[in-house]
Structures are given as C-alpha cells and as structure tokens.
Amino acid sequence: MTAPRTKEEVVKDFRTAEIVRAARRVIGELGFEEASMERIAHEAGVAKGTIYLYFRNKEELLAHVAEHGFHELMERARLATSRARGAAPK
C-alpha cells in the first residue's frame, strides 16, 4: 500500500506536467535552439523562475520531455500490441 500523496507532491506533478506539455509544443514549433525558457513559461502559464524550481536548465527540461515522450510512445505500443491478434500484427 502506498502512502497518500501530499498537496505539495500533487502540485509539483501537475506543474511539471504543464511545463513538459508546454515545452513539447514550443520545441515542436520553434526547435530546441529557438525555444527559450521564457517562451516555454509563457506557454505553460507560469513565471520563468517557476520552471527553474523544477528543472536546472533547458537541457534538463529537454531530457525530461524526451523521457516523457519515450514512455508515452512505449505505452501506446504496449496497448496496440495487446490489442493485436496473432504474431504477424504484433
């Protein structure tokens, strides 16, 4: 059994997810080099300094975005594979 999550943990997870979604949109639109932390913060609806509470720098944020995307892709692949019938479709 897991311990109940604190309000701070819930807020941290929510903010992190919002920042990651915003970073994905901005990086997708502008590319990594042109995607500024200020633009990502604006897209996420948070102050630029707020991003630095969760990520040390843009590279760390990109690593988190990539990891999140990889996990999302793997989950979709697992779901599609579990639904497929037979060896060939899987």
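This passage describes the packing of two helices and a set of salt bridges in a predicted model.

Helix 1 spans residues 7-30 and helix 2 spans residues 37-44; their axes come within 8 Å and cross at roughly 125 degrees. An angle over 145 degrees would count as roughly antiparallel, and one from 65 to 115 degrees as roughly perpendicular. Helix 1 and helix 2 are therefore oblique to each other. The handedness of their crossing is right-handed. On the side of helix 1, the contact is formed by Glu 18, Ile 19, Ala 22, Ala 23, Arg 25, Val 26, Glu 29 and Leu 30. Helix 2 contributes Arg 39, Ile 40, Glu 43 and Ala 44. Sorted by class, the residues of this contact comprise seven nonpolar and five charged ones, with no polar residue.

Eight salt bridges are present in the structure. One of them involves two residues of the helix 1 and helix 2 contact, Glu 29 and Arg 39. The closest N and O atoms of this pair are 3.1 Å apart. Because Glu 29 belongs to helix 1 and Arg 39 to helix 2, the salt bridge ties together parts that are ten residues apart in sequence. The two partners fall into separate accessibility classes: Glu 29 is exposed, with a relative accessible area of 55%, whereas Arg 39 is partly exposed, at 30%.

A further salt bridge joins the side chains of Glu 72 and Arg 24, with an N to O distance of 3.3 Å. This pair links distant parts of the chain, since Glu 72 is located in helix 4 (residues 58-83) and Arg 24 in helix 1, 48 residues apart. Both partners are partly exposed: the relative accessible area is 28% for Glu 72 and 32% for Arg 24.

Glu 72 also forms a salt bridge with Arg 76, in which the closest N and O atoms are 3.6 Å apart. Glu 72 and Arg 76 are four residues apart in helix 4, so about one helical turn separates them. Arg 76 counts as exposed, at 57% relative accessibility, the cut-off for this class being over 50%. Through shared partners, the salt bridges join Arg 24, Glu 72 and Arg 76 into one network. Within this network, Glu 72 is paired with Arg 24 of helix 1 and with Arg 76 of helix 4.

Definitions and conventions. Residues numbered from 1 in each chain as written. Predicted model: local features only at pLDDT ≥ 70, side-chain atom pairs only at ≥ 80, totals over all residues. Heavy atoms only, no water. Axes fitted to C-alpha atoms, helices over the stretch in contact; angles between N-to-C directions. Parallel < 35°, antiparallel > 145°, perpendicular 65-115°, else oblique. Left-handed = near helix turned anticlockwise from the far one by under 90°. Contact = heavy atoms within 4.5 Å. Nonpolar A, V, L, I, M, F, W, Y, C, P; charged D, E, K, R; others polar. Salt bridge = Lys/Arg side-chain N within 4 Å of Asp/Glu carboxyl O. Buried < 20%, exposed > 50% of the residue type's maximum accessible area, 1.4 Å probe, protein only.
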